[in-house]
Amino acid sequence: MARQFFVGGNFKMNGTIKSIQDIIRHLNEAKLDPKTEVVIAPPAIYLLVAREALRQGIEVAAQNVFDKPNGAFTGEISAEQLKDSAITWTLTGHSERRVILAEGDDFIARKTKAALDGGLSVILCVGETLEQREGNRTIEIVTNQLKAVAEQTKDWSKVVVAYEPVWAIGTGKVASTEQAQEVHAEIRKWLSSTISKEASANTRIIYGGSVSEKNCRDLAKQADIDGFLVGGASLKPAFVDIINSRA
């Protein structure tokens, strides 16, 4: 069975009630490829604003989730709270949290497991720095990040893997289609050997890193690229063009 194309929009720490309502209005009125699954991730304070305004068929993701169900964890949000608010997805492992907030592989793996156990679907972000790529360590780094999650859970049916080379996020630099496809193929091979052939065949592996309406169609043609996690461009009307990149 063909993997459903997936496009996520990570708004990061951007937006106001008005600007997010404008983005949602544009999405609600746009003609979107019905074969593409669409999920947007606004800042936490706007999750309910987004959920209440979005049309049916577009889901909402948190940008973060904690690895405990409740308790004295100031500033954190649990999977149970997200589920209670009709938020069905969360990101984990984004490089900005790995780098700026020093979240390690094990902590990200625990958060991923907590989200899955809490009934959420997860966009699990992995990727290497420029120094790691230039040291020919890309596959080692990415598979180590995945291995930490595999040690926590064997069920990947609700996981979308987002490969985001750190050196391409927000820089305007984009991995070439060949570079992206090579890493995606290695991730799929790792899923086959470590999780199962079924997980390898069914898990969607999406690309993130300065995706735009200009480069999305070439990337979308690659055999192992099943969609995109879009940053800055998800705040612009061109996000619709990216959603429709396989239409």
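Is lysine 12 buried or exposed, and what is its relative accessibility? Lysine 12 counts as buried, because its relative accessibility is 19% and the cut-off for buried is under 20%. Keep in mind that this is a predicted model.

## The whole protein

Let us step back and look at the protein as a whole. It has 11 helices and eight strands. The C-alpha trace spans about 45 × 45 × 35 Å along the principal axes. For 247 residues, a compact globule would have a radius of gyration near 18 Å, and the protein agrees with this at 17 Å.

Of the 247 residues, 53% count as buried. Among contacts with a separation of 6 or more, 72% join residues that are 24 or more positions apart. The accessible surface comes to about 11,500 Å², and carbon and sulfur atoms hold 51% of that surface. As for charge, the protein has 30 positive and 31 negative charges, and their mean positions are 3 Å apart.

## Two residues with a positive phi

Most residues other than glycine have a negative phi. Lysine 12 is not a glycine, yet its phi is positive, at about 55°. You can find lysine 12 in the loop between β1 (5-10) and α1 (17-29). Alanine 86 also has a positive phi without being a glycine, here of about 65°. Its place is the loop between α3 (79-84) and β4 (89-92). Alanine 86 counts as partly exposed because its relative accessibility is 41%.

## The nonpolar cores

Nonpolar side chains tend to be buried together in soluble globular proteins. Which residues touch the most other members of the largest nonpolar core? In this core of 63 residues, they are Leu27, Leu124, Leu146, Trp156, Ile187, Tyr207 and Phe228. Apart from this core lies another, with 12 residues, including Ala61, Leu91, Val160 and Leu229.

Tryptophan 156 is a good place to look around. Leaving aside neighbours within four places in sequence, tryptophan 156 is in contact with Leu124, Leu146, Val149, Ala150, Val161, Trp190, Leu191, Ile195 and Thr203.

## Three more buried residues

The table gives the relative accessible area of three residues to find in the structure.

| Residue | Place | Relative accessible area |
|---|---|---|
| Glutamine 145 | helix α7 (residues 138-150) | 8%, buried |
| Serine 200 | helix α9 (residues 197-202) | 9%, buried |
| Leucine 54 | loop between α2 (47-53) and β3 (58-62) | 7%, buried |

What does each of them touch? Not counting residues up to four places away in sequence, glutamine 145 touches Arg98, Asp105, Val126 and Gly127. With the neighbours up to four places away again left out, serine 200 touches Arg3, Arg188, Leu191 and Ser192. Leu191 is also one of the contacts of tryptophan 156.

Leucine 54 is in contact with Ile24, Leu27, Asn28, Ile40, Glu59 and Val60, leaving aside its neighbours within four places in sequence. Leu27 is also among the residues that touch the most other members of the largest nonpolar core. How far apart are the C-alpha atoms of leucine 54 and isoleucine 24? They are separated by 6.1 Å, while the two residues are 30 residues apart along the chain.

Technical notes: Residues are numbered from 1 along each chain as its sequence is written. This is a predicted model: local features need pLDDT of at least 70, side-chain atom pairs count only at pLDDT 80 or more; totals for chains, interfaces and linings use all residues. Side-chain values use heavy atoms; hydrogens and water are left out. Helices (H or I, at least four residues) and strands (E, at least two) are DSSP runs, numbered from the N terminus. The radius of gyration is taken over C-alpha atoms; the globule rule is 2.2 Å times the number of residues to the power 0.38. Buried means under 20% relative accessible area, exposed over 50%, partly exposed in between (1.4 Å probe, protein chains only). Contact means heavy atoms within 4.5 Å. Accessible areas come from the Shrake-Rupley method with a 1.4 Å probe; for residues, only the protein chains shown count as cover. Lys and Arg count as positive and Asp and Glu as negative; His and the chain ends are not counted. The place of a charge is taken as NZ of Lys, CZ of Arg, CG of Asp or CD of Glu. A nonpolar core is a set of buried Ala, Val, Leu, Ile, Met, Phe, Trp, Tyr and Cys residues joined through side-chain atoms within 4.5 Å.
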